[in-house]
Amino acid sequence: MKKLLKLTTYLGMAGTALIAPSCQLDETIYSSIYTEAFYKTAADAEKGLISVYGALGSLGGGPALTLVGDFSDDQTYPRAVVGRNTLTQFTYDVNYTTQKSNSRLNESPQQIWQSCYNGIEKANWVIAKVPDANMDETRKKQIIGEAYFLRAFYHWFLSKNFGDIPVKITPSYTEAEASTAKSPKADVYKQIYADLDQALNAGLVSYPNVEKGRVAKEVVNALYAKAALYNEDWAKALEQAKVVINSGKYVLMTDVRDVYKYDQEDVARIENMWAYEADPVSPGLGHQLTGLCGPSGSAGAEYARTSYGSMFAYQAFFDSFDPADKRRTLLDTTYIDKAGKVVPQRSITPITTKGVLIKKYQDPVSTVGLIPNIPIFRLPDMYLIAAEAEARLNGATSAAYGFVNPVRKRAGLPELKTGLTKDAFIEAVLQERAWEFFAEGDRWYDLTRTGKFLTVIPKAVNDVYPTRNVTAKNRYFPIPLDEIIANTKLEQNPDWK
């Protein structure tokens with residue numbers, strides 16, 4: 001039983017008087033549970049923190065957490081039903097009309113906006129009110145530190161999707177305080193860094209002493225490294241990634257395939273540092289990835305009890321792997337049906353004869369909810385961040401090779417060819433990231449942060465999507481029109497006006 005995330009199901013609606021940065025009120029709030037009756041005890045503080053984590057529930061349920069990026073990148077694509085192809089074809093609009101009309105906002109950038117600001121608002125209440133709670137001081141400091149981490153995470157997630165965003169660091173006692181203007185990206189990252197510094201000084205425990213679903217101290221360093229990478233702060237990215245690697249708290253699993261096995265979840269925590277925790281009970285937290293990735297008609301017994309055949313990998317991406325790469329076995333061009341018969345690739349899906357199945361989220365046993373967690377930070381990310389940051393700073397040094405080669409070795413590949421130029425080495429690291437993190441919501445953001453999306457995406461075509469008209473404005477998603485209407489201080493991203 002995943003205690004923390006199960007609790008969020010009950011507490012996700014805690015504090016309905018909370019106001020997101022762009023939320024519009026219909027009545028005047030004269031009093032609040034937060035200001036008058038809550039955050040007085042240790043139990044209040046713990047419940048308030050669980051509510052901050054609870055924003056991950058709506059972010060990962062769709063999951064917009066991964067699908068917004070995965071349906072936009074050059075690795076995976078959706079079956080063109082219920083509006084899912086708007087991300088792949090870059091045909092979404094500022095109102096996300098198609099997602100709304102198909103009841104798919106939970107898979108859209110609008111869900112990212114709503115979930116993250118919901119989490120930020122709840123984090124602000126914890127940070128503002130828990131210091132006065134009557135409770136153990138050590139635990140109080142940790143709770144506040146976790147809230148700082150989550151506020152940083154939500155701001156970072158917003159910024160990588162929307163660019164300049166409102167930075168919200170105080171609770172909204174009034175409607176006027178809920179309306180916040182955008183801050184430049186530099187200021188967003190300044191606040192992210194400040195929040196992470198607070199979290200690092202909060203006395204958070206290290207793995208394996210951390211409760212499932214909570215963030216360990218090293219996860220704070222991991223977000224710091226990833227945020228610094230996106231901020232092109234190479235020295236900080238290298239520094240923080242090395243802290244995680246050198247801590248010795250996490251190690252690469254011997255077999256990469258074990259990271260994703262439904263019955264190896266707890267063992268895999270040695271590498272899977274922080275994840276969206278699915279809980280196969282009712283009520284609980286689930287996601288769609290198992291059903292999307294399995295064959296249509298629930299035909300593949302090893303994939304899921306119920307699956308729809310709605311998400312596939314590009315054949316070109318499958319072909320990019322070295323046949324010896326163990327990570328390629330997390331994709332498949334055939335499957336075994338319930339009668340034990342091998343189904344050939346041409347029959348995987350009626351939409352193409354070259355469908356490639358994704359095997360990272362298999363769950364052949366659950367009938368209620370889903371077992372597989374969705375990785376958010378894995379240790380290989382720290383190795384590859386360190387490799388890229390070192391190369392950006394100093395070129396293709398022996399240290400840079402020393403970071404990328406453990407990931408390749410675990411995949412069953414030889415060490416990276418020596419003598420590469422700085423640019424060639426960085427390109428090799430980005431490719432390594434593509435192979436390592438496919439279907440985990442990472443690749444699109446690697447392409448946008450490096451500016452490569454404009455050249456890479458037009459080549460990522462097949463007979464399902466023969467043309468993909470990505471343009472410069474697609475680097476960031478449009479701020480949802482609903483939010484702009486509700487918040488008079490909020491302006492649309494320039495390219496989407």
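Student: Hi! Which residues does UniProt give for the feature "domain: SusD-like N-terminal"?
Tutor: Hi! The UniProt record, an unreviewed entry, places that feature at residues 75-202. Keep in mind that this is a predicted model.

Student: Got it. What is the span 75-202 made of, helix or strand?
Tutor: For residues 75-202, the figures are 60% helix and 5% strand. The C-alpha atoms at the two ends of that span are 39 Å apart.

Student: And how is the protein chain divided into domains?
Tutor: There is domain 1 (38-75 + 82-274), then domain 2 (288-375), then domain 3 (379-453).

Student: How far apart are the C-alpha centres of domain 1 and domain 2?
Tutor: Those two centres are separated by 28 Å. In the contact, domain 1 supplies 24 residues and domain 2 supplies 21 residues.

Student: How much area is buried between domain 1 and domain 2?
Tutor: About 2000 Å², with carbon and sulfur atoms giving 61% of that.

Student: Nice. Which residues in domain 1 lose the most area to domain 2?
Tutor: Look at Gln75, Tyr260 and Tyr262. Together these three make up 36% of what the domain 1 side buries.

Student: How many salt bridges cross the interface of domain 1 and domain 2?
Tutor: Zero, by the rule applied here. The structure as a whole does hold 41 salt bridges.

Student: OK, let's talk about those. Which side chain meets Glu107 in a salt bridge?
Tutor: That would be Arg84, with an N to O distance of 3.0 Å. The pair connects distant parts of the chain, 23 residues apart. Glu107 sits in the loop between helix 6 (97-101) and helix 7 (109-129), while Arg84 is in the loop between strand 1 (76-78) and helix 5 (85-89).

Student: Are Glu107 and Arg84 buried or exposed?
Tutor: Both Glu107 and Arg84 are buried.

Student: What about Arg214, which side chain does that one meet?
Tutor: Arg214 forms a salt bridge with Glu146, at 3.5 Å from N to O. Here the partners are 68 residues apart: Arg214 is in the loop between helix 10 (185-200) and helix 11, and Glu146 is in helix 8 (residues 137-162).

Student: Why does Arg214 count as buried?
Tutor: Because its relative accessibility is 8%, and the cut-off for buried is under 20%. Glu146 is buried too, because its relative accessible area is 3%.

Student: You mentioned helix 11. How many residues has it got, and how far does it reach?
Tutor: Helix 11 (residues 217-230) has 14 residues and covers 21 Å from first C-alpha to last, close to the 20 Å expected. Of those 14 residues, 13 are buried, so helix 11 is mostly covered.

Student: What comes just after helix 11?
Tutor: Glu232, which takes a positive phi of about 55 degrees.

Student: Back to charges. What does Arg433 pair with?
Tutor: Arg433 meets Asp381 in a salt bridge, 2.7 Å from N to O. Arg433 is in helix 17 (residues 422-437) and Asp381 is in helix 15 (residues 379-394), so the bridge ties together parts 52 residues apart in sequence. Arg433 counts as buried at 1% relative accessibility, and Asp381 is buried at 2%.

Student: Last one: which residues do salt bridges with shared partners join into one network?
Tutor: The acidic-side names are Glu271, Asp325, Glu432, Glu436 and Glu440. Joined with them are Arg327, Lys360, Arg378, Arg408 and Arg410.

Technical notes: Residues numbered from 1 in each chain as written. Predicted model: local features only at pLDDT ≥ 70, side-chain atom pairs only at ≥ 80, totals over all residues. Heavy atoms only, no water. UniProt positions renumbered as here; feature names shortened; annotations may be inferred. Helix = DSSP H or I, 4+ residues; strand = E, 2+ residues; numbered from the N terminus. Expected span 1.5 Å × (residues − 1). Buried < 20%, exposed > 50% of the residue type's maximum accessible area, 1.4 Å probe, protein only. Domains from an automatic or database assignment. Contact = heavy atoms within 4.5 Å. Buried area = accessible area lost by both parts, 1.4 Å probe. Salt bridge = Lys/Arg side-chain N within 4 Å of Asp/Glu carboxyl O.
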